[in-house]
Structure formats: C-alpha cells, structure tokens
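Notebook open, coffee poured. Here is what I looked up today, entry by entry.

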Amino acid sequence: MKSIRIFALAAVIIAAASCASYKDIIYFQDIDDVELTPLSSEFEAVIKKDDRLTIVVSGPDKSVTAPYNLTLSEMANGVSSSTDPERATLSYLVDAEGNIDFPTLGTIHVEGMTRNQLVDFLTAEIGKDVKDPIVYISFRNYKITILGEVRSPGTYTMDSEKINILQALGKAGDLNLTAQRDGILLIREVNGEQKHFKIDLKDSHVLDSPYFYLQQNDVLYIPPSPTRVATATTATGIWSVILSSVTTTIALLSLIF
C-alpha cells in the first residue's frame, strides 16, 4: 500500500507539472475574453524590389496581344524557345529602382503597386491599342523563410499572396512543443531597412495585428522556450533530468510516508 501511495502522489505531481506546461503551448489562450476589431481592409501584398512577376497578356485576338508577350511573339515568328530565362518564363524582375521593362510599353514603375493595381494599369495602357485585353499577373517568388523550433524549417514558396502566420507555420509542420510561443520574431524589409517585430501567439490580439498577414521574403524565427534552453541541450540530458526528478520525488515521498 505504501508503494502504491508513493507512486500515486508522484503521478499527481507529474500531472500538475504537465498542466503548467500545457498553458505554455496553447495558442490564443484569451480568445473567449477579448473583443477583436474588424479588419479595416483586405490585405494585399505590394510589389517590392527584386520581386519576380509573371505577366501574361491575352485577348480575343491572340495575334494582337502577342507583342506584349515576348515568348508568344517569338513563337509566332517560328522560334520555339528562348535562351534567355527572363523571356522563356515570362517573368519580370523588379529592378533596384522599382521598375520593370515591359514589351512595347517600355519601362514601368511598379514598386508599391498591388497586383490588382498593376493589372488595372496594364489593362488600361494596352487597351489603348488592343480591344478587351486580359492581363494575368502572379508573384513567382512569394517566399517565406521559417527557422527555429518548427518541425520542418526552411524556405517555402507560397501559392497565394495572402498568407497569414498560422498558414505559414502549417507549411513548416507547426511549432514544436519546445517553442516559445510568445516570442516569435518576424524579420521584414521595410523601405530598404530590416525591421523586426515580436509576435505572441498566446495572445488573441495577434489576429488583428498588422503582422498577422505575412509579406514576400518575410523571415520567421521561433526561439526555444527558456525551459528548453535550460534543460534540453541533448536527448540524454532531457531524460537524465526527468529520471532525476522522478527519483528525487519518490525519495522525498518515502521519507514522508
């Protein structure tokens, strides 16, 4: 009976410790107690220097829109492919001045525009000479880098320009249990300068934070929790600490009973 009582109390202590750590790993702990403000506007990514844009122009008459598509124009002239990657992929690199060199129209300043704004601009400009043009634009390099305490750190190409931090972490397999959820670091280039912001996933206000939606080339670093740093340098060290704690607890309970 004495042994049973000792192990029962040890189990209670371990369970209590587990409850304490449980509070450290749950997202949005105050979700039922806070009132979130509605988003003032829909998020739209803006075009930045070094972005690569895929731009395709189409319309009822493909021969008329061909001059606005380098590869299509070459194919119309009997050239099956291009040795220039820019021309072959229809991607346009936004240069250091925020411009692209667009066929027929020449240099266009696109930095700061959203994708829809550039679509409207090109549609209007091309529409001066082409009836009912259709312009398709997408980001080719919409990438987010996720490092630290996630299951699969790395750089991920997103299939949408509207990606929030939860979706990005989902791409990386979610946070490890040893991650510090209230100290996530977001590194972002703003007007040519590297800025950093702290994000707390335990606070529900992150849902209406200006950093909830990510931008192309953002970097997320998830640091380890203080407990992880202090006690979990190696797997052997972790188990040594656990076994030592359990042994000490049982010894103390033996003295009590």
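**Entry 1: aromatic rings.** I began with Phe139 and Tyr142, and both turn out to be buried. A reminder to myself that this is a predicted model. I then checked how the two rings sit: the centres of Phe139 and Tyr142 are 5.5 Å apart and the planes stand at 70 degrees, so I noted the pair as edge-to-face. The structure holds 4 aromatic pairs.

Another of them is Phe197 with Tyr211, and that one is stacked. I wrote down 4.1 Å from centre to centre and 25 degrees between the planes. Where do Phe197 and Tyr211 lie in the chain? I found Phe197 in strand E10, while Tyr211 belongs to the loop between E10 and strand E11 (213-214). They are 14 residues apart, and the pair links distant parts of the chain.

Next I asked myself whether each partner is buried or partly exposed. Phe197 has a relative accessible area of 18%, and buried means under 20%, so Phe197 counts as buried. Tyr211 comes out at 25% relative accessibility, so I logged Tyr211 as partly exposed.

**Entry 2: the sheet that holds E10.** I followed Phe197 into its strand, E10. Which order do the strands take in this sheet? I read E7-E6-E12-E9-E10, 5 strands in an open sheet with mixed pairing. Strand E7 (154-157) and strand E10 (193-199) are at the edges; each has a single partner strand, so one side of each is left without a neighbour in the sheet. I also noted the turn between neighbouring strands, which is 20 degrees on average with direction ignored.

For E10 I looked at the pairing with strand E9 (residues 184-190): the two run antiparallel and 7 bridges join them. Across that pairing I picked out Ile187, which stands opposite His196 in E10.

**Entry 3: helix H5.** I did a length check here. Helix H5 (residues 115-126) has 12 residues, which at 1.5 Å a residue should span 16 Å; the end C-alpha atoms are 16 Å apart, so the two agree.

Which residues of H5 are buried? My list reads Leu118, Val119, Leu122 and Ile126. Looking down the axis of H5, I saw these buried residues fall within an arc of 105 degrees, so they line one face of the helix. I then looked up what they pack against: strand E1 (52-58), strand E3 (99-102), strand E4 (106-109) and strand E5 (134-139). Phe139, where I started, is buried too.

Definitions and conventions: Residues are numbered from 1 along each chain as its sequence is written. This is a predicted model: local features need pLDDT of at least 70, side-chain atom pairs count only at pLDDT 80 or more; totals for chains, interfaces and linings use all residues. Side-chain values use heavy atoms; hydrogens and water are left out. Two strands pair if DSSP finds at least two bridges between them. Helices (H or I, at least four residues) and strands (E, at least two) are DSSP runs, numbered from the N terminus. Axes are lines fitted to C-alpha atoms, for helices over the stretch in contact, and angles run from 0 to 180 degrees between N-to-C directions. The expected span of a helix is 1.5 Å times one less than its number of residues. Buried means under 20% relative accessible area, exposed over 50%, partly exposed in between (1.4 Å probe, protein chains only). The arc is that of the directions from the helix axis to the C-beta atoms. Contact means heavy atoms within 4.5 Å. Rings of Phe, Tyr and Trp (its six-membered ring) pair if their centres lie within 6.5 Å; planes under 30 degrees apart count as stacked, over 60 as edge-to-face and the rest as tilted.
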